[in-house]
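Trainee: Pick one part of this model and take me through it closely, please. I'd like to see how it sits among its partners, and then a few other spots to set beside it.

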Amino acid sequence: MAVLLVLAAACTTPGDPPDSERVGSSETRLDVVAELTTSHPAQPYGGTAASTTGQAWGDSDGDGLVDLYVTDQSGPNVLYHRSTRDRFEVDAWAEDVSLPEVASTRATWQELDADADTLPELSVLTENGIHIFRNDGPEGGFVDVTADTGLPTGMPATSLAWGDLDLDGRLDLFLGHMDGGWGLWHNEGDLRFTAITGENPRGSPVVSAAIWNLGNDPYPEVFLVRPTGTQLLAGRTLRPLPSPTLEGGRSVSLGDIVGDGQPEVVVVTARATPEAQEPGASGELHLLAWEGAGLDEVSPEAPPPWLQAGAGDVAVLSPGRRAYLTGSGADVLFTDRGAAELDLHAPGEGAAAGPGGLVARGSDAGPYFVVRTRDAEGVTTLHFDATTVGATVRVTGDSQPVYLVGVGPGTGAGHAPLVEIPRSAASEVEITWPDGTRQLVNVKGTHTAWRIRRDTAPVPAGPTSGDGPRR
């Protein structure tokens, strides 16, 4: 299993113009940090839009650095431990979560047991259903506990989304299947789940989903993306809510795109017919926002420059309103200060942003490229516990938009609850918890990563040296 590290310096050749002559500003620069290859080239799975390459960022060992798990649709998945800012190594416990005998499509890191430690569990979607791995830390590794969770197995899974539907402090699960059926599962604690709904009418599979509080009450909504159309449901009652039906759906992402303090929904749809779901740069971007009692497509007065671009997938990055778009030949990072193109010589199938401006970009040719934005050193990472997925963060006095906790760019599945904010000597951060209550915390610039819990002061997350406990 090869791990090829490509240093940032390799992205600048002797013939390159100096930074001042490049398109855009230095803030829009993209650097390839690493090229990660698995032991088998990935192959398209199932021939549907559900085959988006899966990448999941999360601090698997609590050292303050986000690690990366990537899926392989024809071979073992790989967990990469990030030992320093720019170095990724195959994790010592990678074999425990490799799932070499099944095709895997997507993955997320989430703290599913709010009463246990702060390490996130790993969820993986496969052709045989979902797998849940309990995280016992650097000394104990991972244990597949799926059989004891009560979740369904034996059916190809196409999508998942985590969110606290009833505000009890535990993350509930939306799970979609290849045949179009889907269900919601209530988190009872201790990694056990019970069905909220039975199987739903079969049809076009849900290829992406998101759970977030988009409306006016404290309870979240469920947004579904199918090739035959999108749908919005009330999280508690599952009754349909007003929302545009966008055909050819591929994926969903969330962010405060227009900077009004409220989250917007970004949907990627294919320009071709719903049957033609090949990845590439043919996707259209749609921006939806809450209007009255549901979602409506909006055209903001100052739309982000990337909204009219074509894309195979999109990852909305924080801080700010930056967006990373994959394409059939090149990827592009858009910011309000310009754009930067990155030619990775391979068609991308998905992107997932991680704190520090990192974006993993998969290809059906096999490799995963880890890309960093040039301003990655100017951010501080806030690590939240599981109960705060669905919260929002605002830096007091900052003109930047609200940051969303636990959003999964590209897939909409949700990642470990991490947020990055602009770094300064000290920042006063206002957190609005999922139930609407607010809390002010002070984050100092003495550490690059902090852990945030409700009703407590922030504490440094992991060692300041950047070296994690796994060797």
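Mentor: Let's agree on one term before we start: two strands pair if DSSP finds at least two bridges between them. Also keep in mind that this is a predicted model.

The part I'd pick is β25, residues 331-335. Five of its five residues are buried, so the strand is largely enclosed by the rest of the structure. The cut-off behind that word is a relative accessible area under 20%. Now look at where the side chains go. In a regular strand they alternate between the two faces of the sheet. Here Asp331, Leu333 and Thr335 point one way from β25, while Val332 and Phe334 point the other way, and all are buried.

Next, the partners. Strand β24 (residues 322-326) runs antiparallel to β25 and is joined to it by three bridges. Strand β26 (residues 338-342) is antiparallel to β25 as well, with five bridges between them. Phe334 is a handy residue to hang this on: Ala323 stands opposite it on the β24 side, and Ala339 is across from it in β26. β25 and β26 also make a hairpin, with two residues between them. As a reminder, strands of a sheet pair through backbone hydrogen bonds, either parallel or antiparallel.

For something to set beside that, try the open sheet of four strands ordered β3-β4-β5-β6, with antiparallel pairing. Its edge strands, β3 (55-58) and β6 (87-90), each pair on one side only. Neighbouring strands in this sheet are turned by 25 degrees against each other on average, ignoring direction. At the β6 end, β5 (residues 78-84) pairs with β6 in the antiparallel sense over four bridges, and Arg82 has Phe88 of β6 as its bridge partner.

Another open sheet of four antiparallel strands follows the order β32-β31-β34-β35. There the edges are β32 (403-404) and β35 (438-444), each pairing on one side only. β31 (residues 392-395) pairs with β32 over two bridges, again antiparallel, and Val393 stands opposite Tyr403 of β32.

Finally, two loop residues are worth a glance. Most residues other than glycine have a negative phi. Leu238 has a positive phi of about 65 degrees although it is not a glycine, and it lies in the loop between β17 (229-234) and β18 (240-241). Asp455 has a positive phi too, near 65 degrees, in the loop between β36 (449-452) and β37 (459-460). Asp455 is exposed, with a relative accessible area of 65%, whereas the residues of β25 are buried.

Conventions: Residues numbered from 1 in each chain as written. Predicted model: local features only at pLDDT ≥ 70, side-chain atom pairs only at ≥ 80, totals over all residues. Heavy atoms only, no water. Axes fitted to C-alpha atoms, helices over the stretch in contact; angles between N-to-C directions. Buried < 20%, exposed > 50% of the residue type's maximum accessible area, 1.4 Å probe, protein only.
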